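Please open the model in your viewer, colour the chain by secondary structure, and keep a selection box ready. The tour goes from one selection to the next and says what is to be found at each stop.

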Amino acid sequence: ALFAADATLRIHGVDGTRDCSILDIPTGPGRNSLAKGDIITSIFLPARPQNASDAYLRFIPRTEMDIAVAAAGVSLEMNPDGTCKAARVALGAVAPTVLLVADAGDALVGSRLEGTALETMVRAVEAACAPITDKRGTIEFRTKTAGVLAKRAALIAQTRAGGQT
């Protein structure tokens, strides 16, 4: 969700304080770019214009296992006429790090999030996925789930932004 929302992090460390994009933090499974002694002290989200909203969904295999099969965050800004002005789509648990899928967001811009635009977004999401087969599911299942979640999150964000579904 924070990737889709374009969050900035404030980090305090031994060399002082700095701000950086959340995109720069994860470097691999269980790894990040923070130095020894760094601590994230604040998360900043850009001001939301009117007719903008976000949605985040994740699928977990059961409540006892809080590890996602797939996750999707979508941030939308809608025009007054109901078309999409800007979109960001982020995916979790389907690659070594969180993915920001520019092609998926681009597929929604200019549309009313109708069938063709949503299907193009889903194809872009599925193409970006690089999951592993593990106890959460197969590569195929996790890829398909990411597409379903992204589509649902886009429609929820559209409704929250005052658009139509």
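Select N51 to begin: this residue lies in the loop between β5 and β6, where helices (H or I, at least four residues) and strands (E, at least two) are DSSP runs numbered from the N terminus. N51 has a positive phi of about 60° although it is not a glycine, and with a relative accessible area of 33% it is partly exposed; here buried means under 20% relative accessible area, exposed over 50%, and partly exposed in between, with a 1.4 Å probe and protein chains only. This is a predicted model, in which local features need pLDDT of at least 70 and side-chain atom pairs count only at pLDDT 80 or more, while totals for chains, interfaces and linings use all residues. Residues are numbered from 1 along each chain as its sequence is written, and side-chain values use heavy atoms, with hydrogens and water left out.

Stay in that loop and select L45, which is also placed between β5 and β6 (52–59) and is exposed, at a relative accessible area of 52%. Adding L2, I40 and I43 to L45 displays a nonpolar surface patch whose members together have about 340 Å² of accessible area. Patches are made of residues with over 30% relative accessible area and no salt bridge, like charges being joined within 9 Å and nonpolar side chains (Val, Leu, Ile, Met, Phe, Trp, Tyr) within 5 Å; the areas come from the Shrake-Rupley method with a 1.4 Å probe, and for residues only the protein chains shown count as cover.

Next, select F44 in strand β5 (residues 39–44), a partly exposed residue at 34% relative accessibility. Leaving aside neighbours within four places in sequence, F44 is in contact (heavy atoms within 4.5 Å) with A7, T8 and R10. A distance drawn from the C-alpha atom of F44 to that of S21, 23 residues apart along the chain, should read 9.6 Å.

Now turn to the charged side chains. How many salt bridges are there? The count comes to eight, a salt bridge being a side-chain nitrogen of Lys or Arg within 4 Å of a carboxyl oxygen of Asp or Glu. Select R88 and D6, whose closest N and O atoms are 3.5 Å apart in one such bridge. This pair links distant parts of the chain, with R88 in strand β8 (residues 84–92) and D6 in the segment before β1 (8–13), 82 residues apart. R88 is partly exposed at 24% relative accessibility, and D6 is likewise partly exposed, at 34%. Then select D54 and R48, whose side chains meet in a salt bridge at 3.7 Å, N to O; D54 is partly exposed at 25%, as is R48 at 38%. E77 and K85 form another, with their closest N and O atoms 3.6 Å apart. Finally, select D134, R136 and R142, which salt bridges with shared partners join into one network.

From the charged pairs, move inward to the largest nonpolar core, which has 32 residues; a nonpolar core is a set of buried Ala, Val, Leu, Ile, Met, Phe, Trp, Tyr and Cys residues joined through side-chain atoms within 4.5 Å. Select L76, V89, L91, L108, L113, M121 and V125, the residues with the most contacts inside this core. At least two core residues come from each of β7 (70–78), β8, α1 (102–108), α2 (115–128) and α3 (139–160). Another core lies apart from it and has nine residues, among them F3, I11, C20 and I25.

Within the larger selection, centre on L113, found in the loop between α1 and α2 and buried at 5% relative accessibility. Phi of L113 is near 60°, a positive value in a residue other than glycine. Beyond four places in sequence, the contacts of L113 include L76, C84, L118 and A154.

The last stop is C84, buried at 2% relative accessibility. Why does C84 form no disulfide? The closest cysteine sulfur, in C129, is 20 Å away, too far for a bond, and C129 is itself in no disulfide and is buried at 13% relative accessibility. A search of the whole structure finds zero disulfides, a disulfide being a pair of cysteine sulfur atoms within 2.5 Å.
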